Amino acid sequence: MKNDTEILKGFILRGSRNVLTVKAETEEGHKELECRIKGKVFKGHTAKENGKDYYNPFAPGDWVIVERQKKSDSALILSLEERRNIFSRFNQKEAASQLLAANIDLVLCLCTPVSPPFRPRFLDRVLLQADVAGIDAVVVCNKMDLEYDDIDIDERLEDFKRIGYKVIFVSAKTGEGLKELSGETEGKTSVLTGQSGVGKSCLLNALKPGLNIREGKLNEKYDRGAHTTTMSFMVELSPETRIIDTPGVRLFIPDGLRAEELIVHMREFAPLAGKCSFGMSCTHRTEAGCKIMEAVSAGVIHEDRYESFLRIYDDLKGNISDY
Ligand SMILES: Nc1nc2c(ncn2[C@@H]2O[C@H](COP(=O)(O)OP(=O)(O)OP(=O)(O)O)[C@@H](O)[C@H]2O)c(=O)[nH]1
Ligand SMILES: [Mg+2]
Ligand SMILES: [Zn+2]
């Protein structure tokens with residue numbers, strides 16, 4: 001009886017909460033297996049490991065041990081291998097953390113100068129989350145084929161460079177910058193994040209023709225994306241290079257840190273942590289001797305990053321609002 005099954009190690013490509021596609025090396029070579037979760041062990045397992053609940057127990061990039069019925073294309077997930085890191089966000093609707101990807105080398109923070117409008121505060125949040133997770137991040141500005149004449153956009157992108165982030169300019173449409181982007185992602189597992197409509201799926205299709213990932217059209221009236229991608233999934237550009245596409249979300253609420261810790265996870269703020277007259281209890285809003293406010297006046301911290309900081313701080317205190 002036992003010989004009818006084989007135990008394999010594989011990684012998750014995509015899936016819902018209950019049914020996941022795992023890629024594993026079987027006796028017949030690499031296969032994509034449709035997997036269900038054995039029992040209800042995982043909710044507890046994940047919660048114990050991370051000290052909190054996730055509304056989805058697995059994410060693309062997770063390594064798992066599965067039991068496969070030989071010759072079949074289905075299996076049961078028995079256990080989760082230890083994670084190197086997780087990229088998550090707080091899901092307000094579910095009031096829980098949502099895993100977007102696991103075991104990641106690089107976060108690609110995709111934005112556009114126009115269509116949909118440039119939203120640097122979204123980038124601030126994604127970059128923050130990458131820092132919290134301990135994952136490298138780069139800003140990727142797509143749709144560079146489109147005209148725009150707002151110098152504030154260039155100035156803000158320059159500021160990301162100034163504080164130490166790489167900014168790559170690309171166009172999924174014309175192919176501009178794709179070589180540089182390929183160079184950056186080569187040999188890594190990356191996660192692609194950004195608002196709906198910035199062209200995440202389109203960019204993947206441009207990086208590897210033939211993928212045929214579904215792309216959406218922008219809503220003309222509101223100049224917004226249509227939330228075309230509804231589930232994270234991994235694509236393999238080569239055996240070593242993997243990218244996880246994610247659904248565009250409207251609000252990115254950072255996850256896994258307390259408001260008081262925010263200061264150490266924003267690059268140009270971090271060196272000032274604890275230096276205010278009121279130390280770590282400073283709210284950086286009104287206090288005399290606040291080093292953050294001084295740094296904003298001196299131009300060491302961009303005013304808009306400071307505004308981002310205040311709003312994220314409020315989010316983390318539970319006062320979530322639009323940003
Ligand atoms: N002009 C131009 N349009 C682009 C470019 N990249 C993507 N688009 C268009 O932007 C729209 C949205 O692209 P998607 O790839 O579906 O966007 P997404 O980020 O995956 O959106 P969600 O799945 O909803 O999160 C489509 O109409 C694309 O044709 C680009 O480089 N230039
Ligand atoms: Mg998409
Ligand atoms: Zn302060």
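Confidence in this predicted model averages a pLDDT of 92 over the chain, and 95% of the residues score at least 70. Residues 44-49 fall below a pLDDT of 50, and this stretch has five contacts in the model beyond near neighbours in sequence. Where pLDDT is low, the predicted coordinates should not be read in detail.

Ligand 1 has 26 residues around it, of which S196, G199, C202, T229 and G248 come nearest. By residue class, the shell around ligand 1 comprises 13 polar, seven nonpolar and six charged residues.

Two helices, α5 and α8, are described next, with their buried residues listed in the table.

| Helix | Residues | Buried residues | Arc of buried residues |
|---|---|---|---|
| α5 | 200-207 | K200, S201, L203, L204, L207 | within 160 degrees |
| α8 | 303-316 | R305, S308, F309, I312, D315 | within 125 degrees |

In α5, K200, S201, L203, L204 and L207 are buried. Viewed down the helix axis, these buried residues lie within an arc of 160 degrees and therefore line one face of α5. They pack against two kinds of element: the helix α4 (178-185), and the strands β8 (106-111), β11 (189-193), β12 (233-236) and β13 (242-245).

Helix α8 has 14 residues, which at 1.5 Å a residue should span 20 Å; its end C-alpha atoms are 20 Å apart, in agreement with that expectation. Its buried residues are R305, S308, F309, I312 and D315. Because they fall within an arc of 125 degrees seen down the axis of α8, they line one face of the helix. The cover over these buried residues includes α2 (120-133) and α6 (262-265). Just after α8, G318 adopts a positive phi of about 95 degrees.

Methods: Residues numbered from 1 in each chain as written. Chains lettered and ligands numbered in written order. Predicted model: local features only at pLDDT ≥ 70, side-chain atom pairs only at ≥ 80, totals over all residues. pLDDT = per-residue confidence, 0-100. Contact = placed C-beta atoms within 7 Å. Near = placed C-beta within 6 Å. Nonpolar A, V, L, I, M, F, W, Y, C, P; charged D, E, K, R; others polar. Buried ≥ 20, exposed ≤ 12 C-beta atoms within 10 Å, placed from the backbone. Helix = DSSP H or I, 4+ residues; strand = E, 2+ residues; numbered from the N terminus. Arc of directions from axis to C-beta. Expected span 1.5 Å × (residues − 1).
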